[in-house]
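Dear colleague,

I am passing on the structure we talked about, and below it you will find my notes on its aromatic side chains. Please have it open while you read.

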Amino acid sequence: MSSAWLTRSRVHAIRPAWGGRNLAYSQSVSSRDGPTPRVAIVGSGPAGFYTARKLMREIHGTKIDMYEQLPVPFGLVRFGVAPDHPEVKKCQEEFEQVASSPEFNFVGNIQLGHDLPLPILAKHYDAVVFAYGASKDKELGLEGEDKPNVYSARSFVGWYNGLPEYRNLDPDLSTGEVATVIGQGNVALDVARILLSKLDKLKKTDLTEYAVDTLEKSKIKHVHVVGRRGPMQAAFTIKEVRELLQLEGVNFQSIPPELFPPDLKKLERPKRRLMELLQKGKPNDPNATRSWSLQFLLSPNALIRDKNNPDVLKGVSYSENVLEDISDPASRVSAKGKDKNVTLETSLLFRSIGYRAEAIPGMELVGANFNTRSGILHHDGVGRILPIDVPEHKNEAPTTNTNITQQPQAVAPAKAHLYCAGWVKRGPTGVIASTMSDAFQTAEAIVQDWRNAITKSDDVSTEAGLGMRGWPAVKAEAESQGYDLTKVVNWDGWRRIDAVEKETGKGRGKPREKFGTVSEMANVASVPI
Ligand code: FAD
């Protein structure tokens, strides 16, 4: 391994050479014959696939092993994006194209840091890219939040989209007529829309069958979508608001005019159009059976439960807020007068105040520094993970929570250069398009570092210890240490799962019927559970 490759110097990002949408491996812009990098990507969401796509195009012959904890790829494109947004999922076709390259290898059903230790992985690659997203959610910090009838948007969205982790969530939507979503981003509006939409439309999407069954029994008639600030500061975008306003048979409770800036004409166009849409609202339909409202300037401070049965949610108490300047998109909230409280009745609560990432066990052993305060990996701004002082106990098993019972006793130093992309790099915000730009930036840093290393040294192609590199070397070493990797689902395995899901969906008039459990997926992929 070249020492130049390991240099963590800040290198200016090269200008993106990516033009068209189609992959053309033969048109690689790599002008240099010789060694090509072997790269591990952890996570198969948009960040992972767009990093792979760019790398494979920029350096012809780059070999990618993509590790994914689930037997199925695509991350939040499969498990987050709403079922009634099929056009958003079209990026999967691009990802399929990336995966069709002979240089691409999918290692599914393997959770890094649990099924396979990071130090083994990092020994056998030139670069490791962490693109594992943000798989936790933020909490409100209210007493009783962990009791029945309070759900995270992440769990609810994961449940209706077939995420195995939430297959048994089984939310009870029949406890009352009012639901509340706390948070005013697009995920909050997705939750509200799924609760309010007519089922005949949703049934034709890839919404899971069990979610359709539960939604059929739903008694929800009104959804509050609550934010701590005003309309100007809400994070949702115009498309999602418009979709909710266009729902048939669903009324919208108009927003008090004093919450809008006095002169909308002064606002920049996107904000102005959003404010105009909210202000205009929707004419009241006397035949509507459902409704929704946007509640502003409220911070939840207590859950109100039935005195005789604490499992029953009756409402949420909020403190009212005022803004210093309602026209300012960044206006800070300050408490109003004498701690004025209001209560809104509700029988169900969804918190949708953001996702958060966490460290993979063993990260410190390979030199990656996860900042628990900011919730992202410590990097140089373009995706190169910054070095940390190697702790004295570097040969000991990690102290972080891990299911690995067989951590290697002596950990070989990481050989790979470390990078990050996507939500674990910049935090859990932004759409697929911004994740793509971000992944391209990381790939450019890798390309730049690789080219610098080749320029300065010839030894970059030196094969690692076992005479193999990449996945075969990782597999051999892990198995020699007792790790069972027979459950790996490769791309062919995913294709079999995909085919069965599509076939089952066809019979039900929908694009696919997703498997809801890992064991069903493993069964179809013919790997042990
Ligand atoms: P992810 O998509 O989360 O991918 C990370 C992958 O890493 C996952 O497959 C995960 O299983 C895997 N992983 C995690 N830990 C490990 C591990 N230890 N080992 C191996 N693998 C691991 N954007 C839009 O443009 N349009 C939309 O309509 C839209 N809707 C959204 C709806 C919701 C509910 C959410 C939450 C987001 C939505 N987004 C939407 C945003 C979009 O999904 C994200 O920008 C994008 O998915 C982030 O990509 P990522 O690759 O960083 O993370």
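What follows is an account of the aromatic rings and of the charged side chains that lie over some of them.

Please keep in mind that this is a predicted model. A search of the whole structure finds 22 aromatic pairs. One of them joins Tyr 67 and Tyr 125, whose ring centres are 6.3 Å apart and whose planes meet at 85°; since an angle over 60 counts as edge-to-face, the pair is therefore described as edge-to-face. This contact links distant parts of the chain, 58 residues apart, with Tyr 67 in strand E2 (residues 63–67) and Tyr 125 in the loop between helix H5 (118–123) and strand E4 (127–130). Both Tyr 67 and Tyr 125 are buried.

A second pair, Phe 156 with Tyr 160, has its ring centres 5.4 Å apart and its planes at 85°, so this pair too is edge-to-face. Here the two residues belong to one element, helix H6 (residues 153–160), where they are four residues apart, or about one turn of the helix. Phe 156 and Tyr 160 are likewise buried.

Beyond these pairs, there is a cluster in which ring pairs link Phe 49, Tyr 50, Phe 74, Phe 95, Phe 104, Phe 106, Phe 440, Trp 491 and Trp 494. Phe 440, a member of that cluster, also has Lys 54 over its face, at 5.3 Å from the ring centre. Elsewhere, Arg 167 lies over the face of Tyr 210, at 3.8 Å from the centre of the ring.

With best wishes

Conventions. Residues numbered from 1 in each chain as written. Predicted model: local features only at pLDDT ≥ 70, side-chain atom pairs only at ≥ 80, totals over all residues. Heavy atoms only, no water. Phe/Tyr/Trp six-rings, centres within 6.5 Å; stacked < 30°, edge-to-face > 60°. Buried < 20%, exposed > 50% of the residue type's maximum accessible area, 1.4 Å probe, protein only. Lys NZ or Arg CZ within 6 Å of the ring centre and 35° of its normal.
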